[in-house]
Amino acid sequence: MSRGASSSSCNSWVHRSCNSCHGGSRVSGSPPICDCEDIAVVRTARTTKNLGKQFWGCANFKRCGEDVLGCNFFKWCYEEGADERDAIIARQRQKIAYIENALTVWRKRMQLSLAVIGVLIVMIVVSFMGCNCR
C-alpha cells in the first residue's frame, strides 16, 4: 500500500498479530520478514476500496509520533496456505507444459517413424515384385 493511499492519522492502522493470516509468509506458520529485516505485522486496511482487508506491513512504518518511516513493505494477508497453494499450482502448470511439450515431440517422432516405415514397406514390396517379375 502506498503512503498516498493511507490516512495520515495513526489511528488508521491497526497493529496486531494474526494466527490465521500466515498465508503471506515465506515460511509456513511464520510471518514474513520485511525489507528492514524485521518481522512484519498484520494490519487492517481502512481505505474505501479495501476496507477491513488484512495485510502484512513493516512494523516500523509510520510509528505514531516518530520520524521512522520503515521500508514500506506490503503483502496482502490471505487465507492459510495461499502461498503454498499458489506455488504448487505454478509447479503443476510447469509440469503440464513440460508433458504437453514432450507429447508434441513424441507425436512428431511417431509420425516420422510411420512415414519411414511406410517408405520401407513400399521399397520392400517394389523390390519383391521386381524380383518375381524376372
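Reader: Which element does I121 lie in?

Author: I121 lies in helix α1, which spans residues 82-132. Keep in mind that this is a predicted model.

Reader: What makes α1 count as a helix?

Author: A helix here is a DSSP run of H or I with at least four residues. Residues 82-132 carry the label helix α1.

Reader: Why is I121 called partly exposed?

Author: Its relative accessibility is 48%. Buried means under 20% and exposed means over 50%, with partly exposed in between. I121 therefore counts as partly exposed.

Reader: What makes I121 eligible for a surface patch?

Author: A patch residue needs over 30% relative accessible area and no salt bridge. I121 has 48%. Ile is also on the list of nonpolar side chains, which are joined within 5 Å. I121 is indeed one of the patch residues.

Reader: Which residues form that nonpolar patch?

Author: L103, W106, M110, L114, I117, I121, V125, F128 and M129. Together they offer about 880 Å² of accessible area.

Reader: How do you know where the "transmembrane region" is placed?

Author: That comes from UniProt, in an unreviewed entry, which gives residues 112-130. Such annotations may be inferred rather than shown by experiment. In the model, residues 112-130 are 100% helix and 0% strand. The C-alpha atoms at the two ends are 27 Å apart.

Reader: What is the order of elements along the chain?

Author: From the N terminus, it is β-β-β-α. That makes one helix and three strands.

Reader: How do you know that β2 and β3 pair?

Author: Two strands pair if DSSP finds at least two bridges between them. β2 (residues 54-57) and β3 share three bridges, in the antiparallel sense. The requirement is therefore met. Across this pairing, W56 stands opposite K75, and G57 stands opposite F74.

Reader: What about β1 and β2, how many bridges join them?

Author: Four, and the two strands run antiparallel. Again the cut-off is at least two, so they count as paired. T44 has Q54 of β2 as its bridge partner.

Reader: Why are some strands called edge strands, and which are they?

Author: The three strands form an open antiparallel sheet in the order β1-β2-β3. The edge strands are β1 (41-44) and β3 (74-76), and each pairs on one side only. Neighbouring strands in this sheet are turned by 35° against each other on average, with direction ignored.

Reader: What makes both faces of β2 count as covered?

Author: Look at the residues on each side. Q54 and W56 are buried on one face, and F55 and G57 are buried on the other. Buried means under 20% relative accessible area. Over the whole chain of 134 residues, buried residues make up 22%.

Reader: What is unusual about the phi of E37 and of N72?

Author: Neither is a glycine, yet E37 has a positive phi of about 70°, and so does N72. E37 sits in the segment before β1. N72 is in the loop between β2 and β3.

Reader: Why do E37 and N72 get separate accessibility labels?

Author: E37 has a relative accessible area of 65%. That is over 50%, so E37 is exposed. N72 has 32%. That falls between the 20% and 50% limits, so N72 counts as partly exposed.

How values were computed
Residues numbered from 1 in each chain as written. Predicted model: local features only at pLDDT ≥ 70, side-chain atom pairs only at ≥ 80, totals over all residues. Heavy atoms only, no water. Patch = residues over 30% accessible without salt bridge, like charges linked within 9 Å, V, L, I, M, F, W, Y side chains within 5 Å. Areas by Shrake-Rupley, 256 points an atom, 1.4 Å probe, with all protein chains shown as cover. Salt bridge = Lys/Arg side-chain N within 4 Å of Asp/Glu carboxyl O. Buried < 20%, exposed > 50% of the residue type's maximum accessible area, 1.4 Å probe, protein only. Axes fitted to C-alpha atoms, helices over the stretch in contact; angles between N-to-C directions.
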